[in-house]
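Let's take a walk through this protein together, beginning with what a record has to say and then moving out to the fold as a whole. Keep the viewer open as you read.

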Amino acid sequence: MNIDFKKLADKYQTPFYLYDFDHITAQYTELKESFRARKSLIAYAVKANSNLSVIKHLSNLGAGADCVSIGEVKRALKAGVPTYKIIFSGVGKSDEEIKEALILDILLINVESSAELDRVEELAKSLNKVARISIRVNPNIDPKTHPYISTGLHENKFGVDIDTAKRMYIKCKNSEHLEPTGIHCHIGSQLTQLEPIRESINIVANLVRNLKAIKIELSFMDVGGGLGIVYKDETLINTYDYAQTILDSLFGLDLTIICEPGRFIVGNSGIFVTKVLYEKINGNKRFVIVDGAMNDLIRPALYDAYHRVEVLNNNKNLSDCNLVGPVCESGDFFAKNIDLPETQSGDLITIYSAGAYGFTMSSNYNTRARVAEIAIENGNDRLIRKRESFEDLIANEIEFL
Ligand SMILES: Cc1ncc(COP(=O)(O)O)c(C=O)c1O
Ligand SMILES: N[C@@H](CCCC[NH3+])C(=O)O
């Protein structure tokens, strides 16, 4: 798509996030279509990009929501996702969160420990409810991704091992307040290899068969999210191969598939737009300093993540530099040791693949306002979140002065 960044920057003021809603539609549709041989629910992982308009857009397409806090559940509801398409995961749900989820009667609570299951049972009993339970299985499979975003090994805090899961399902079966409904497995994020997915789904499918043999019949298989995207030159998993692998593993089982993608849907739909403030040279080292910073997009600082960068000027005079922001940390960079053209103050810089875990991981560090978010759809742009003001930043403190 041809985007007039200059016009947008004049209209909305940098830095800002820009999301291409047509690309979001295309990604959602591709994945949904891949599963067309089965009943499926694409439960969008809200944590990737929780802007209400993004969730609403996906909900209008038929998506549900995978949430990891009651705040995300409330966002999903506010954006129009029906309760029967909402799932709640997380290793540390508080009593208040569990109670609210029970009262709202969402589709599934993904339980991640025996202790949590006991708590859900007590709370469901106190509310005279029956909780629909899905247990998150940790299959101990290496997803072959960045260690910070691996979730499927026993050394990771997520889910429970197979034997524990089995005991938990038996407890559900024997409880008046727990209904064993689904099973869940998510081994990590930015996955680019199919084999670990195949292995883990096979492990989980075998457990489903074992449970069936003891008369515990589940209705949903939640295969997690994690499909990777291209940041640089990654070879991706083909979505049809992905879906077929899952369908093959589930042969003979009558389960509705739930898939929880975040990054795949929104990652390459988003661009972070910032502008050059200054250039400088320290000794031999060139720095291009922009108005966006690590508080806006933390992935390079946190994971050493690569994001493609483009300078929107016609200068062909390239040289090595670090692209940095104004935050008071040496870790405040978008790219290190890259060749960029000479810049002038005011030149726009676009940072790609920023739609997932960009804005949602932003902070107010250095008392910097969170930036605006803009949607573009059918060539038309609109503001979907305004830039914070200083008053917004201090609103919760001012009454205690
Ligand atoms: C339980 C669960 N579901 C879904 C996701 C979404 O992951 P991704 O954005 O990689 O699709 C995550 C994040 O890793 C997760 O922990
Ligand atoms: N925040 C991570 C993804 C985490 C996935 C959630 N478990 C990233 O930016 O890549």
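At which residues does UniProt place the feature "binding site"? In a predicted model such as this one, it is a good place to begin. The unreviewed UniProt entry puts that feature at Arg263, Arg299, Tyr303, Glu329 and Tyr357. These positions span 95 residues of sequence, and they are spread in space too, with up to 27.1 Å between C-alpha atoms.

Two tyrosines from that record are worth a visit. Tyrosine 303 sits in helix H11, which covers residues 299-303. Is tyrosine 303 buried or exposed? It counts as partly exposed, because 14 C-beta neighbours fall inside 10 Å, and a residue needs 20 or more to be called buried. Once neighbours within four places in sequence are set aside, tyrosine 303 is in contact with His146 and Tyr148.

Tyrosine 357 belongs to a loop instead, the one that links strand S15 (348-351) to strand S16 (372-377). Here the count inside 10 Å is 25 C-beta neighbours, so tyrosine 357 is classed as buried. Not counting residues up to four places away in sequence, tyrosine 357 touches Ala48 and Arg299. Arg299 is itself one of the positions in the UniProt "binding site" feature.

Now look at the ligands. Around ligand 2 you will find Lys47, Ile149, Ser189, Gln190, Arg299, Tyr357 and Met361. By class, this shell holds three nonpolar, two polar and two charged residues. Ligand 1 is surrounded by 17 residues, and the closest of them are Ala45, Ser189, Gly225, Gly262 and Arg263. The shell around ligand 1 comprises six nonpolar, eight polar and three charged residues. Ser189 is listed for ligand 1 and also for ligand 2.

Lys47, from the shell around ligand 2, has a record of its own. The unreviewed UniProt entry lists Lys47 under "modified residue: N6-(pyridoxal phosphate)lysine". Where does lysine 47 sit? Its place is in the loop between strand S2 (40-45) and helix H3 (52-61). With 21 C-beta neighbours inside 10 Å, lysine 47 counts as buried, since the cut-off for that class is 20 or more. Leaving aside neighbours within four places in sequence, lysine 47 is in contact with Val68, Glu72, Gly262 and Thr360. Gly262, in turn, is among the closest residues to ligand 1.

How does ligand 2 fit into the wider architecture? The domain assignment gives domain 1 (5-16 + 268-400) and domain 2 (35-261). Because both domains give residues to the shell around ligand 2, this ligand lies between them. The centres of domain 1 and domain 2, taken over C-alpha atoms, are separated by 33 Å. Across the boundary, 17 residues of domain 1 are in contact with 12 residues of domain 2. On the domain 1 side, S16 and strand S17 (380-385) each supply at least two of the residues that touch domain 2. That side divides into eight nonpolar, six polar and three charged residues.

Let's stop at two more loop positions. Leucine 153 lies in the loop between strand S6 (131-136) and helix H7 (162-173). It is partly exposed, because 16 C-beta neighbours lie inside 10 Å. Apart from its neighbours within four places in sequence, leucine 153 is in contact with Asn140 and Asp142. Leucine 153 and glycine 358 are 205 residues apart in sequence and, C-alpha to C-alpha, 26 Å apart in space.

Alanine 369 is in the loop between S15 and S16, as is tyrosine 357. With 15 C-beta neighbours inside 10 Å, alanine 369 counts as partly exposed. Beyond four places in sequence, the contacts of alanine 369 are Arg387, Glu388, Ser389 and Leu393. From alanine 369 to aspartate 392 there are 23 residues in sequence and 8.4 Å in space, C-alpha to C-alpha.

Finally, step back to see the whole protein. It has 12 helices and 17 strands, and its C-alpha atoms fill a box of roughly 70 × 55 × 40 Å along the principal axes. The radius of gyration is 23 Å, which agrees with the value near 21 Å for a compact globule of 401 residues. Of these 401 residues, 43% count as buried. Among contacts between residues at least 6 apart in sequence, 71% join residues at least 24 apart.

How values were computed:
Residues are numbered from 1 along each chain as its sequence is written. Chains are lettered from A and ligands numbered from 1 in the order in which they are written. This is a predicted model: local features need pLDDT of at least 70, side-chain atom pairs count only at pLDDT 80 or more; totals for chains, interfaces and linings use all residues. A residue is near a molecule or strand if its C-beta atom, placed from the backbone, lies within 6 Å of it. Ala, Val, Leu, Ile, Met, Phe, Trp, Tyr, Cys and Pro count as nonpolar, Asp, Glu, Lys and Arg as charged, and the others, Gly among them, as polar. Helices (H or I, at least four residues) and strands (E, at least two) are DSSP runs, numbered from the N terminus. The radius of gyration is taken over C-alpha atoms; the globule rule is 2.2 Å times the number of residues to the power 0.38. A residue is buried if 20 or more other C-beta atoms lie within 10 Å of its own, exposed if 12 or fewer, and partly exposed in between; C-beta atoms are placed from the backbone. Two residues are in contact if their C-beta atoms, placed from the backbone, lie within 7 Å. UniProt positions are given in the numbering used here, feature names are shortened, and annotations may be inferred rather than shown by experiment. Domain bounds come from an automatic or database domain assignment.
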